[in-house]
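Grab the viewer and work through a few exercises on strands, helices and how they pack. Try each task yourself before reading the solution.

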Amino acid sequence: MNALNPSAAPIWPAWPDYALIADLLPSLRDFAHAGSVALATLVSTDGPSPRPLYSEMLIAADGRVAGYVSGGCVEAAVASEAAMVLADGRPRLLDYGVGSPVLDIQLTCGGRIGIFVRELREPSAYANTLGIARRERRTVTVMTDRDSGAWKIVEGHIAPDDRHYACVHMPPLRLVAVGGDPVTLAVAQLAPTMGVEVVLLRPHGPAEPPPGIALTGYDSRSLAVSLGELVLDERTAVYSLSHDAEIDHAVATHALRSPAFAVGVLGSRNKIGTRVERLKDDGVDDDDLTRLHLPAGLPIGAQTPHGIALSILAQVCQRDRARAS
């Protein structure tokens, strides 16, 4: 165990850029390479909370942090407690907010939260196991012993019990975008900043993907071939942005027959009725049509590529949130 040296720890940052790190795996690999790592997990909420249950924050032995567990009210205190966890090896259950014994730290939301902080043993193995599950798009649950902080990763969505906290890790949201216009590029640019992976299909398009954009996949083969090999799951949304009625129809039909949780088509409102009737003629039923968004995107009056892309991504996130509530 490498104890954190408080005198060597950096000053707490003036701006909470640590809270903009949604994907903790790269930071975990980096922190683990440099030394010990503490993991803080939001394990209980009473009343309003700015962060959902099981939000997490990493604290490195050198004082670096990634992620957050409140709206900025307690992160500095959690990092200080994590330094002590790394020094003595004892997990801590922190209690902040209304009714908490920690009177000098209160939450602006008026709630109360519990945060479990422990040294993450074998952090590289932890990161590798989660990374493999992510690549294979499997849901796994990290079961953490409430006393020792020991962890194990099990398949599926498992509920907590009297001995363990249970942090569920689902595959990232994925957006399959079909097209090659400026809106498609804007969607591909913005999506990763929101934690959404992008697979781009451009039938008969350039051999190389657009430069400078982080894509999970790119396919320029014919639409029939790319759709035939496309694997869609319930964490995937599919949006056709092609401006081609035949492509849009083929993509929507394929996606609505899959587990994809949201399907969208860019286009005019005047053509909605015709598009829907054609889908019904091809066997798409009313239940499946509830996942269809025509035209694609929330009605925010967007006119620029990035504005339309924002409306599409907001719709994807809204749809995902609605099914989880």
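**Exercise 1: strand S12**

Work out which way the side chains of S12 point. Thr-236, Val-238 and Ser-240 point one way from S12, Ala-237 and Tyr-239 the other way, and all are buried. Before going on, some ground rules: this is a predicted model, where local features need pLDDT of at least 70 and side-chain atom pairs count only at pLDDT 80 or more, while totals for chains, interfaces and linings use all residues. Residues are numbered from 1 along each chain as its sequence is written, and side-chain values use heavy atoms, with hydrogens and water left out.

Two terms come up straight away. Buried means under 20% relative accessible area, exposed over 50%, and partly exposed in between (1.4 Å probe, protein chains only). Helices (H or I, at least four residues) and strands (E, at least two) are DSSP runs, numbered from the N terminus.

Next step: five of the five residues of S12 are buried, so the strand is largely enclosed by the rest of the structure.

**Exercise 2: the partners of S12**

Find the strands that pair with S12, and name some bridge partners.

- Start with the rule: two strands pair if DSSP finds at least two bridges between them.
- On S13 (residues 262–265), S12 pairs in the parallel sense over four bridges. Val-238 has Val-263 as its bridge partner there.
- With S9, S12 (residues 236–240) also pairs in the parallel sense, over five bridges. Leu-175 is partnered with Ala-237, and Val-178 with Ser-240.
- Now trace the chain: S12, helix H6 (residues 245–256) and S13 make a right-handed β-α-β unit. Right-handed here means that, with the strands pointing away from the viewer, the path from the first strand over the helix to the second runs clockwise.

**Exercise 3: strand S9**

Decide whether S9 is buried or exposed, then follow the chain onward.

- Five of the five residues of S9 (residues 174–178) are buried, so this strand is largely enclosed by the rest of the structure.
- Arg-174, Val-176 and Val-178 point one way, with Leu-175 and Ala-177 pointing the other.
- S9 pairs with S10 (residues 197–201) in the parallel sense over five bridges, and Ala-177 stands opposite Leu-200 in S10.
- From S9 the chain crosses through helix H4 (residues 182–190) to S10, and this β-α-β crossover is right-handed.

**Exercise 4: a threonine in H4**

What does Thr-184 touch, not counting residues up to four places away in sequence?

- Thr-184 lies in helix H4.
- At 2% relative accessibility, Thr-184 counts as buried.
- Its contacts (heavy atoms within 4.5 Å) are Ala-177, Gly-179, Leu-200 and Leu-241.

**Exercise 5: the antiparallel sheet**

Put the strands of the open sheet in order and pick out its edges.

- Five strands form this open sheet, in the order S3-S2-S1-S5-S4, and the pairing is antiparallel.
- S3 (65–67) and S4 (92–97) stand at the edges, each with a single partner strand, so one side of each is left without a neighbour in the sheet.
- Further in, eight bridges join S1 (residues 37–46) to S5 (residues 112–119), running antiparallel. Leu-42 stands opposite Ile-115 in S5.
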